[in-house]
Amino acid sequence: MRSSSANLLRVLSRLVVCSTLILALSVALKTRSRFALLFPSFSSHHPATMSYSQERYIAELAVQRATLLTQKVFFEKAKGTVSKDDKSPVTIGDFGAQALIIQAIRKNFPNDEIVAEEEASSLREDKDLSAEIWRLVKDIKLEDAESDNLLGGPLASEQNMLDIIDEGKSAGGGKGRIWALDPIDGTKGFLRGGQYAVCLGLIVDGDVKVGAIGTPNLPVDAATIDANTGAQQGETNDNGVLFSAILGEGATSRPLSNGALAPSKPISMRPVPDIAQAVFCEGVEAAHSAQGDNAAVAERLGITAPSVRLDSQAKYCSIARGSGDIYLRLPVKKDYQEKIWDHAAGDIIVREAGGQVTDIYGARLDFSKGRTLAANKGVVAAPKALQGQVIDAVKVVLKL
Ligand SMILES: Nc1ncnc2c1ncn2[C@@H]1O[C@H](COP(=O)(O)O)[C@@H](O)[C@H]1OP(=O)(O)O
Ligand SMILES: [Mg+2]
Ligand SMILES: [Mg+2]
Ligand SMILES: [Mg+2]
């Protein structure tokens, strides 16, 4: 009798231990799946174990498709406009390209956040402009059906387009997967038929992992640059290049196409044995970087050739493929905070091509601070071996 009650007690206590264990396990699993829902980068896309080749592929295709729109807008709307004050072509291109790219991100990576430059509130009030953008956007597609389907095919409606534009309002930050999108960078260049870029970067836990930049007006094979005019002379007259990079896997370029991606080739910065022979790039707009200070830095480095002036992140792309060596963006205003979409893709492309990208103090650009590079001032990009010398010169000129 005593032994049978002792047995019962033993069985009961085992049951209690087992059910406690099961309960603990199920709570742990639930928390983990909730955690995974909140932070998808910790689950199926763990950065330590994955390559970002699918993200790069989608980014390149999405950028390529968006350039079909920006070019159509340019040829239909901007080219030959009598009044250069008319900013509507760039507005149409900006909103349209943003809608097309966000659609592609949503289709492939539905849990990711997006920090994009534009938002649709003003567009919702301007029915004519919205209808005009929809007229152009609804027909844009890659000629290769498989590639186009991968991006989600045509957008469903004008309303759908407006809603999608507004999905780029993430506050950014240092946690999770965040895409940074500038649908048209270098709007001034776009309007004058010069350089502009469609730029998309993927930031994971504050670190840029992938970048893709389409530059419809850069020559495919830029062999030389004319230091007097900034013109980049290729062997052919073909224009339109798609640049990309994955962290740790190098940078590439390929011609922009209307369909599937064209074959790519690796790119790298040019070796510069004598810094005095380096070519430096800067923006066309004097309001965006201090051209006087840029020139003073170049002079201190013994550089006598004039700067090559290009609008947009085409500057990052140019130095990444050796058409130019140093990119200087010294601040004009003390309080201007650079935007993450103006630098994320360019930063990774240059670093993967053998360069270094820092602010004027020599600190890496910090993409974890939200929608702006709040922790940085200005941008200095150069081949790794030269960066120290350039920063020293910047510090002297700016009295840092
Ligand atoms: N004061 C400023 N300093 C630096 N960049 C600026 C300033 N004002 C605007 N920008 C940004 O510079 C980028 C173009 O750079 P670049 O001259 O090298 O082509 C644009 O995205 C533009 O942003 P925004 O979209 O607000 O016009
Ligand atoms: Mg921009
Ligand atoms: Mg822009
Ligand atoms: Mg803008």
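Student: Which polar side-chain atom lies 2.8 Å from an oxygen atom of ligand 1?

Tutor: The general idea is that a polar contact is a pair of N or O atoms within 3.5 Å; within protein, one must be able to donate a hydrogen and the other to accept it, and residues adjacent in sequence count only if both atoms are side-chain atoms. Here that atom belongs to Asp342. An N or O atom in the side chain of Arg329 sits 2.7 Å from an oxygen atom of ligand 1, and a polar backbone atom of Ala287 is 3.3 Å from a nitrogen atom of the ligand.

Student: How much of ligand 1 does the protein cover?

Tutor: Accessible areas come from the Shrake-Rupley method with a 1.4 Å probe; for residues, only the protein chains shown count as cover. On its own, ligand 1 has 560 Å² of accessible area, and the protein covers 81% of that. Residues around the ligand (a heavy atom within 4 Å) include Glu117, Asp185, His288, Lys315 and Tyr336.

Student: Anything I should know about the model itself?

Tutor: This is a predicted model, where local features need pLDDT of at least 70 and side-chain atom pairs pLDDT 80 or more, while totals for chains, interfaces and linings use all residues. Side-chain values use heavy atoms, leaving out hydrogens and water; residues are numbered from 1 along each chain as its sequence is written, with chains lettered from A and ligands numbered from 1 in the order in which they are written.

Student: Is Ile102 buried or exposed?

Tutor: Buried means under 20% relative accessible area, exposed over 50%, and partly exposed in between (1.4 Å probe, protein chains only). Ile102 has a relative accessible area of 0%, so it is buried. Ile102 is part of helix H3, residues 88-108; helices (H or I, at least four residues) and strands (E, at least two) are DSSP runs, numbered from the N terminus. Not counting residues up to four places away in sequence, Ile102 touches (heavy atoms within 4.5 Å) Ile114, Ala116, Ile164, Ile165, Glu167, Gly168 and Leu181.

Student: And what about Asp148, which residue is its nearest side chain of opposite charge?

Tutor: For charge, Lys and Arg count as positive and Asp and Glu as negative; His and the chain ends are not counted. A salt bridge needs a side-chain nitrogen of Lys or Arg within 4 Å of a carboxyl oxygen of Asp or Glu. Asp148 is buried without one: Arg65 is 4.1 Å away. Still, the Asp148 side chain reaches the backbone nitrogen of Leu142 at 2.9 Å. Asp148 is in helix H6, residues 145-150.
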